[in-house]
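Hi everyone, thanks for making the time today. I'd like to walk you through one chain, beginning with a single residue and working outwards from there.

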Amino acid sequence: DLVRSRGLGDVYKRQLETDRYLYIQTFTRLYVLEGDRLVGLQDCTTKCDLLVDEGLVLLVENKGVRVLTEAGRPLGVALSKAPIRRAEIKDGVLVVETRTHRGRFSGLRR
């Protein structure tokens, strides 16, 4: 098991790899590894969905989206009163959709 072999001690739910980073999502956390080094760690709920797009990481939860750098450093949070149906990065802009609304958030990069 990859997670246990890296000393993370939890069963993973999802694994995603880019040219530089390895993202391992368990049922409670997101681990960001660069080679064999842990560079980022975020708590996440069981229903959290992981997306990596345009050099940003999105942790999509029921009524919120956390935006992280590729290395797992927090950049911001978008919250909604209604459940989120879809989230994506399009041309550097975070787009969050509920059943009745669409929000666009720019200026995410530092």
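Let's begin at L94, which sits in strand β10. Please keep in mind that this is a predicted model. Is L94 buried or exposed? With a relative accessibility of 1%, L94 counts as buried.

So what does L94 touch, once we set aside its neighbours within four places in sequence? The list reads L58, V65, V67, A78, E88, I89, G103, R104, F105 and L108. There is also a backbone distance to look at here: the C-alpha atoms of L94 and S106 are 6.4 Å apart, although 12 residues separate the two along the chain.

Three of those contact partners come back when we turn to the nonpolar cores. The largest core has 13 residues, and L58, V65, V67 and L94 are the ones with the most contacts inside it. Which elements give two or more residues to this core? They are β6 (56-61), β7 (64-69), β8 (74-79), β9 and β10. Of these, β6 supplies the largest share, with 3 residues. There is a second core as well, separate from that one, with 10 residues, and Y21, C48, L50 and V57 are among them. As general background, nonpolar side chains in soluble globular proteins tend to be buried together.

Now back to β10, this time for its sheet. The sheet is open and has 3 strands in the order β9-β10-β11, paired antiparallel. Why do β9 (86-90) and β11 (102-105) each have one side without a neighbour in the sheet? Both stand at the edges with a single partner strand, so nothing in the sheet flanks their other side. On average, neighbouring strands here are turned by 20° against each other, if direction is ignored. Between β9 and β10, which covers residues 93-97, there are 5 bridges. Within that antiparallel pair, E88 stands opposite V95 in β10.

Let me return to the second core, since Y21 and C48 both belong to it, and each has a partner to discuss.

First, the tyrosines. The chain has 1 aromatic pair. The ring centres of Y21 and Y23 are 6.3 Å apart and their planes meet at 45°, so this pair is classed as tilted. Both tyrosines are buried: Y21 has a relative accessible area of 6%, and Y23 has 0%.

Then the cysteines. How many disulfides are there? The count is 0. For C44, the closest cysteine sulfur is in C48, at 4.2 Å, which is too far for a bond. The cut-off behind that call is 2.5 Å between the sulfur atoms. Even without a bond between them, both residues are buried, C44 with a relative accessible area of 7% and C48 at 3%.

Finally, let's zoom out to the whole chain. It has 1 helix and 11 strands. Reading from the N terminus, the helix leads and the strands follow, α-β-β-β-β-β-β-β-β-β-β-β. Of the 110 residues, 38% count as buried. As for contacts between residues at least 6 apart in sequence, 25% of them join residues at least 24 apart.

To close where we started: L94 is a buried residue in β10, and it is one of those with the most contacts inside the largest nonpolar core. Thanks for listening, and I'm happy to go back to any part of this.

Methods:
Residues numbered from 1 in each chain as written. Predicted model: local features only at pLDDT ≥ 70, side-chain atom pairs only at ≥ 80, totals over all residues. Heavy atoms only, no water. Pairing = 2+ DSSP bridges. Helix = DSSP H or I, 4+ residues; strand = E, 2+ residues; numbered from the N terminus. Axes fitted to C-alpha atoms, helices over the stretch in contact; angles between N-to-C directions. Buried < 20%, exposed > 50% of the residue type's maximum accessible area, 1.4 Å probe, protein only. Phe/Tyr/Trp six-rings, centres within 6.5 Å; stacked < 30°, edge-to-face > 60°. Core = buried A, V, L, I, M, F, W, Y, C linked by side-chain atoms within 4.5 Å. Contact = heavy atoms within 4.5 Å.
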